[in-house]
Amino acid sequence: MLFPVFFNLAGRQVVVVGGGAVAERKIRLLLAAGAAIAVAAPALTSWLRAAADQGKIQHLPAAFSPACLDGAWLAVAATDHGDTNQAVAAAALARRIPCNVVDDPVLSTIQVPAILDRSPLVVAVSSGGCAPVLARRIRERLEALLDESTGDLARLAARYRSRIVSRFRDLDERRDFYDWMLDGPLPSLLAAGDGRQAGLALEAAMQADAPPRMGSATILAAADGPADLLTLRALRMLNQADLVAHVPAVNPAILDKARRDAARVELKGPGMQPEPAVAAGAGLEWLARQVRAGQRAVLLLGAAHDPKLLARRMAACGVACSVL
């Protein structure tokens, strides 16, 4: 698996070897990221030639040599000559410079993903170079889910970030407020082009008293099955959970869907006793106390467990559960 990372290239030198149509596509993306681009190629497309004449890129007209990479933060080999691409990859490797060789995942030390740009929100999809058409198809599906107004919502959140942090010192209250921003009226207002009304609604919410945090408990049955059978609602519950309690037999891939900072508690034995090292208390009563204190809990059961029985036992502790 490749490690996904976003690279701040603003003002940093990137050397692109090649001056054809493929190199041009890469350079357009790199210019949008603010990179300082040097193009090593004997000839350029008309667009690249115009960009060089306007000072947007630097043209190095000589054939590639390792010295072309001096001072570079990133190298891109985009020629149709295998020997040249190999030379770029070798020179970059010797200098420990990340290198993308177009359409050659073996020579590349980094891959350029399929990109969905809703700046400042950017979604990148990569197949590690083995199935770029699949990555592009997934990006196309995401484009239908995240319309252009998603960028407006991200910019609004960025503009108010410091105020939100100051207003909601408690982390749980702050998380609830962000949930309201994403699930309340703001996305619809921005999608309708009514940025002014969205701003007014956000200002009003900032001034209002934070409502008491309400805990919840959700039981996910058959969590020892395939992770791809999870419903969207189940995924949402896992993403919002503060506490994930699970029996030992659950599928680790399902457990990994939970929010990364959510507490994880393993329930053992017929009494569903929390792991002593994590939780102090008697069985499900401990979980019920967490929910009454405002925690959002998800309980993951295996197929051998009866979710309705567990719901009745939680109800006896004073907490109602929904079962998915």
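The following legends describe close-up views of a predicted model.

**Figure 1. Domain layout of the chain and the separation of domain 2 from domain 3.** The domain assignment divides the chain into domain 1 (13-112), domain 2 (148-207) and domain 3 (216-323). A distance of 30 Å separates the C-alpha centres of domain 2 and domain 3. At their interface, five residues of domain 2 are in contact with seven residues of domain 3. The area buried between domain 2 and domain 3 is about 410 Å², with 17% of it on carbon and sulfur atoms. Of the area that domain 2 buries against domain 3, Arg 175, Asp 179 and Asp 183 supply 74%, more than any other three residues.

**Figure 2. Charged contacts across the interface of domain 2 and domain 3.** Five salt bridges are found across this interface. Arg 175 forms a salt bridge with Asp 261, and the closest N and O atoms of the pair are 2.8 Å apart. Between domain 2 and domain 3, four residue pairs are in polar contact. On the side of domain 2 that touches domain 3, the residues comprise five charged, no polar and no nonpolar.

**Figure 3. A network of salt bridges that includes Arg 175 and Asp 261.** The linked residues are Asp 172, Arg 175, Asp 176, Asp 179, Asp 242, Arg 259, Asp 261 and Arg 296. Within this network, Arg 259 and Asp 242 form a salt bridge whose closest N and O atoms are 3.3 Å apart. Arg 259 belongs to the loop between α10 and β10 (263-268) and Asp 242 to the loop between α9 and β9 (243-246), so their salt bridge ties together parts that are 17 residues apart in sequence. Arg 259 and Asp 242 are both buried.

**Figure 4. Buried residues of helix α9 and the elements packed against them.** Helix α9 spans residues 232-240, and its buried residues are Ala 234, Met 237, Leu 238 and Gln 240. These buried residues pack against the helices α6 (171-183) and α10 (252-255) and against the strands β8 (216-220) and β12 (296-300).

**Figure 5. The salt bridge between Glu 148 and Arg 118.** The side chains of this pair meet at 3.5 Å, N to O. Because Glu 148 lies in the loop between α4 (132-145) and α5 (149-167) while Arg 118 lies in strand β6 (residues 114-118), the pair ties together parts that are 30 residues apart in sequence. The two partners are unlike in accessibility: Glu 148 is exposed, with a relative accessible area of 56%, whereas Arg 118 counts as buried at 10% relative accessibility.

**Figure 6. A salt bridge within helix α4, between Arg 137 and Glu 140.** The distance between the two side chains is 3.6 Å, N to O. Arg 137 and Glu 140 are three residues apart in helix α4, so about one helical turn separates them. Arg 137 is partly exposed at 45% relative accessibility, and Glu 140 is also partly exposed, with a relative accessible area of 41%.

**Figure 7. The surroundings of Glu 24 in helix α1.** Glu 24 lies in helix α1, which covers residues 21-32. Its relative accessibility is 14%, so Glu 24 counts as buried, the cut-off being under 20%. Beyond its neighbours within four places in sequence, Glu 24 is in contact with Thr 45, Trp 47 and Leu 48. With Thr 45, the side chain of Glu 24 makes a side-chain polar contact of 2.8 Å.

Conventions: Residues are numbered from 1 along each chain as its sequence is written. This is a predicted model: local features need pLDDT of at least 70, side-chain atom pairs count only at pLDDT 80 or more; totals for chains, interfaces and linings use all residues. Side-chain values use heavy atoms; hydrogens and water are left out. Domain bounds come from an automatic or database domain assignment. Contact means heavy atoms within 4.5 Å. Buried area is the accessible area (1.4 Å probe) that two parts lose on being put together, summed over both. A salt bridge is a side-chain nitrogen of Lys or Arg within 4 Å of a carboxyl oxygen of Asp or Glu. A polar contact is a pair of N or O atoms within 3.5 Å; within protein, one must be able to donate a hydrogen and the other to accept it, and residues adjacent in sequence count only if both atoms are side-chain atoms. Ala, Val, Leu, Ile, Met, Phe, Trp, Tyr, Cys and Pro count as nonpolar, Asp, Glu, Lys and Arg as charged, and the others, Gly among them, as polar. Helices (H or I, at least four residues) and strands (E, at least two) are DSSP runs, numbered from the N terminus. Buried means under 20% relative accessible area, exposed over 50%, partly exposed in between (1.4 Å probe, protein chains only).
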